[in-house]
Amino acid sequence: MGLYLNPGNRMFQTMLDSDFYVDKTGLAAFLNSKVGKDGRFVCVSRPRRFGKSVDADMLVAYYSKGCDSRAQFEGLDVSRAASFEKHLNAHDVIKLDIQYIMDLAGAQPSEIAQVVSSEVVPEVAAAWPQAVPDPSVGLAKALALAGAHKGTGFVFVVDEWDCIMRLAKEDEGAQRAYLNFLRGLFKGSAAVDACYMTGILPIKKYGAHSALNLFTEYSMTDPDVLAPLVGFNADEVERLCGRFGKDYAEMAHWYDGYLLGPERIHVYNP
């Protein structure tokens, strides 16, 4: 296991061990249907506090070859999916937390692409030294070489992809360079079996063209089938209130803020 390559399931276990955990593993079953297909690039945009990072850690635990997560997922929604066994701990996963990468880049947001490469490529080169003998190559090249060598691609989980858009919102040059890096990393790459990204902002556009138009975005206004899978729903909140002796009507008064999807699902923001 590495910090970025196959980082394991410890973060997901901390949620399972907490006072309450709401099962959103149906998200993994949904993503299973996209792996290796044209729709394999998925972006979920939500405001803060919708559990996006928790979902990202769950997906890492489910897909990563760097751990054995069977016991964690037994009895959860994804375990009842026909695709459960096929994808459980069956993929090489690369997890990127762009907030953390921004911290490493410090005062130079334009250096994000270089920081990502310098952090991730050594782990890829150490895992497949025959394929990537030179760890100074860029990330896209390293992944292409490793993927061709092992005959399979990678599942990417990218948390807070849009961090630079918020923290360096005046630096359009850095934003453009970052978007070009993501596009070069993903577009047309046979080394990417799937990519799940989370963010707050919609996919960023310059002029008439989206720099990341290969992604299908599941937003607040168009959540499609993911409406019940990101954030707490009314029945989930009601069960939690019953378990902890809280007034459900009072909780709904404070936190029931959204109606998503054609079914108008009540979604609570904690």
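Reader: Does Cys-67 count as buried or exposed, and at what relative accessibility?
Author: This is a predicted model, and the value for Cys-67 is computed from it. Residues under 20% relative accessible area are taken as buried. Cys-67 therefore counts as buried, its relative accessibility being 15%.

Reader: How many disulfides does the structure hold?
Author: Two cysteine sulfur atoms must lie within 2.5 Å of each other to form a disulfide. For Cys-67, the nearest cysteine sulfur is that of Cys-195, 19 Å away, and Cys-67 is in no disulfide. For the structure as a whole, the number of disulfides is zero.

Reader: Which cysteine has the sulfur nearest to that of Cys-195?
Author: Cys-195 has a relative accessibility of 0% and therefore counts as buried. This residue takes part in no disulfide. The nearest cysteine sulfur is 8.5 Å away and belongs to Cys-43.

Reader: Which residues touch the most other members of the largest nonpolar core?
Author: In soluble globular proteins, nonpolar side chains tend to be buried together. The largest nonpolar core here has 48 residues. Those that touch the most other members are Phe-156, Trp-161 and Phe-186.

Reader: Which residues does Phe-186 touch, not counting those up to four places away in sequence?
Author: Phe-186 belongs to the largest nonpolar core. One of the residues that Phe-186 touches is Cys-195, which is buried at 0% relative accessibility. With residues up to four places away in sequence left out, the full list is Phe-41, Phe-156, Val-158, Val-192, Cys-195, Leu-214 and Phe-215.

Reader: How many residues are in the second, separate core?
Author: Besides the largest nonpolar core, the model has a second one that is separate. Among its members are Leu-31, Val-60, Phe-73 and Ile-265. The number of residues in this second core is 35.

Reader: Where is the place of Asp-162?
Author: The contacts of Asp-162 beyond four places in sequence are with Thr-198, Gly-199, Ile-200 and Leu-201. Asp-162 has 0% relative accessibility and therefore counts as buried. Its place is in the loop between strand 3 (154–159) and helix 9 (163–167).

Reader: Which side chain meets that of Asp-162 in a salt bridge?
Author: Side chains of opposite charge can pair when their charged atoms come close. The buried Asp-162 has such a partner, with an N to O distance of 3.8 Å. The partner is Arg-166.

Reader: How many salt bridges does the count come to?
Author: The rule asks for a side-chain nitrogen of Lys or Arg within 4 Å of a carboxyl oxygen of Asp or Glu. One pair that meets it is Lys-95 and Asp-57, at 3.1 Å. The count of salt bridges by this rule is nine.

Reader: How many residues apart are Lys-95 and Asp-57?
Author: Lys-95 counts as buried because its relative accessibility is 14%, and Asp-57 counts as buried because its value is 15%. Their salt bridge links distant parts of the chain, with Lys-95 in strand 2 (residues 92–97) and Asp-57 in helix 3 (residues 52–63). In sequence, the distance between the two is 38 residues.

Reader: What is the N to O distance in the salt bridge of Lys-150 and Asp-92?
Author: Lys-150 lies in helix 8 (residues 139–150) and Asp-92 in strand 2, 58 residues apart. Lys-150 is partly exposed at 21% relative accessibility, whereas Asp-92 is buried at 6%. The N to O distance of their salt bridge is 2.8 Å.

Reader: Which residues do salt bridges with shared partners join into one network?
Author: The salt bridge between Lys-150 and Asp-92 belongs to a network in which partners are shared. Lys-65 is also part of this network. The residues joined are Lys-65, Asp-92 and Lys-150.

Reader: At roughly what angle do the axes of helix 8 and helix 10 cross?
Author: The two axes come within 9 Å of each other, helix 10 being residues 172–186. Their crossing makes helix 8 roughly parallel to helix 10. The contact is made by Leu-139, Ala-140 and Leu-143 of helix 8 with Phe-181, Gly-184 and Leu-185 of helix 10. The crossing angle is roughly 10°.

Reader: What is the phi of Asn-6, a residue other than glycine?
Author: Asn-6 is placed in the segment before helix 1 (10–16). At 9% relative accessibility, Asn-6 counts as buried. Its phi is positive, near 50°.

Reader: Where is Asn-89 found?
Author: Asn-89 has a positive phi of about 50° although it is not a glycine. With a relative accessibility of 16%, Asn-89 counts as buried. Asn-89 is found in the loop between helix 5 (84–87) and strand 2.

Definitions and conventions
Residues are numbered from 1 along each chain as its sequence is written. This is a predicted model: local features need pLDDT of at least 70, side-chain atom pairs count only at pLDDT 80 or more; totals for chains, interfaces and linings use all residues. Side-chain values use heavy atoms; hydrogens and water are left out. Buried means under 20% relative accessible area, exposed over 50%, partly exposed in between (1.4 Å probe, protein chains only). Helices (H or I, at least four residues) and strands (E, at least two) are DSSP runs, numbered from the N terminus. Contact means heavy atoms within 4.5 Å. A nonpolar core is a set of buried Ala, Val, Leu, Ile, Met, Phe, Trp, Tyr and Cys residues joined through side-chain atoms within 4.5 Å. Axes are lines fitted to C-alpha atoms, for helices over the stretch in contact, and angles run from 0 to 180 degrees between N-to-C directions. Angles under 35 degrees count as roughly parallel, over 145 as roughly antiparallel, 65 to 115 as roughly perpendicular and the rest as oblique.
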